[in-house]
Amino acid sequence: MSGSQDQLEIKFRLTDGSDIGPKNFPAATSVATLKENIIAQWPKEKENGPRTVKDIKLISAGRILENNRTVADCRSPLCDIPGGVTIMHVVVQQPLMEKGLILLVDNP
């Protein structure tokens, strides 16, 4: 494998259409590490940023990426253009307690 194929240039698209990146990541980088990078680079002016890896869902080529997978595992031959930037969509899910939601169970 050549050096350029050992790296993937990734841009993280936030729900408001803004981006984090692009940045190069080694193919062996885990999805959990990508999420840690998103947390570290989250724009300070944006509210409701993720606090933990569990708060983030990363989507690439229509698939939700699992934390234990690597960047190489997540490559899509249909979407990845050699030398191009891969866009991964970021969805932040706040814990239910922080949303102020109360779940009521109706006992008959």
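**Entry 1: Arg-13 and its partners.** I started with Arg-13, which at 24% relative accessibility counts as partly exposed. The model I am reading is predicted. I looked up what the side chain of Arg-13 meets, and found a salt bridge to Asp-19, 2.4 Å from N to O. Asp-19 is partly exposed, at 32% relative accessibility. I also checked the backbone pairing of Arg-13: the bridge partner in E5 is His-89.

**Entry 2: the other salt bridges.** How many salt bridges does the structure hold? I count four. I noted the one between the side chains of Asp-16 and Lys-46, again 2.4 Å from N to O. Asp-16 sits in the loop between E1 and E2, and Lys-46 in the loop between H1 and E3, so this pair ties together parts that are 30 residues apart in sequence. I looked up the accessibility of Lys-46 and found a relative accessible area of 22%, which makes Lys-46 partly exposed.

I then turned to Asp-73, which forms a salt bridge with Arg-69; their closest N and O atoms are 3.5 Å apart. Asp-73 is partly exposed, with a relative accessible area of 38%, and Arg-69 is partly exposed too, at 35% relative accessibility. I also looked for shared partners: salt bridges that share them join Lys-11, Arg-13 and Asp-19 into one network.

**Entry 3: the sheet.** I traced the strand order next. Five strands make an open sheet with mixed pairing, in the order E2-E1-E5-E3-E4. Which strands are at the edges? They are E2 (19-26) and E4 (63-64), each of which pairs on one side only.

I went through the pairings of E1. Strand E1 (residues 7-13) runs parallel to strand E5 (residues 85-92), and five bridges join them. E1 and E2 run antiparallel and are joined by six bridges. In that pairing, I noted Asn-24 of E2 as the bridge partner of Glu-9. The hairpin of E1 and E2 has five residues between the strands, and I found that Gly-17 there takes a positive phi near 95°.

**Entry 4: the aromatic pair.** I searched the whole structure for aromatic pairs and found one. Phe-12 and Phe-25 form this pair, which is edge-to-face, with 6.0 Å centre to centre and 70° between the planes. Phe-12 lies in strand E1 and Phe-25 in strand E2, so the pair ties together parts that are 13 residues apart in sequence. Are the two rings on buried or exposed residues? Phe-12 is buried, with a relative accessible area of 1%. Phe-25 is buried as well, with a relative accessible area of 5%.

**Entry 5: helix H1 and Asn-37.** I checked where helix H1 (residues 31-41) lies and found it across E1, E2, strand E3 (56-60) and E5. H1 runs at about 115° to E3. I picked out Asn-37, which lies in this helix. With a relative accessible area of 14%, Asn-37 falls under the 20% limit and so counts as buried.

What does Asn-37 touch, leaving aside residues up to four places away in sequence? I found Phe-12, Lys-23 and Phe-25. Two of these, Phe-12 and Phe-25, are the residues of the aromatic pair in Entry 4. I also looked for polar contacts of Asn-37: the side chain makes one with the side chain of Gln-41, at 3.0 Å.

Terms used:
Residues are numbered from 1 along each chain as its sequence is written. This is a predicted model: local features need pLDDT of at least 70, side-chain atom pairs count only at pLDDT 80 or more; totals for chains, interfaces and linings use all residues. Side-chain values use heavy atoms; hydrogens and water are left out. Two strands pair if DSSP finds at least two bridges between them. Helices (H or I, at least four residues) and strands (E, at least two) are DSSP runs, numbered from the N terminus. Contact means heavy atoms within 4.5 Å. Axes are lines fitted to C-alpha atoms, for helices over the stretch in contact, and angles run from 0 to 180 degrees between N-to-C directions. Buried means under 20% relative accessible area, exposed over 50%, partly exposed in between (1.4 Å probe, protein chains only). A polar contact is a pair of N or O atoms within 3.5 Å; within protein, one must be able to donate a hydrogen and the other to accept it, and residues adjacent in sequence count only if both atoms are side-chain atoms. Rings of Phe, Tyr and Trp (its six-membered ring) pair if their centres lie within 6.5 Å; planes under 30 degrees apart count as stacked, over 60 as edge-to-face and the rest as tilted.
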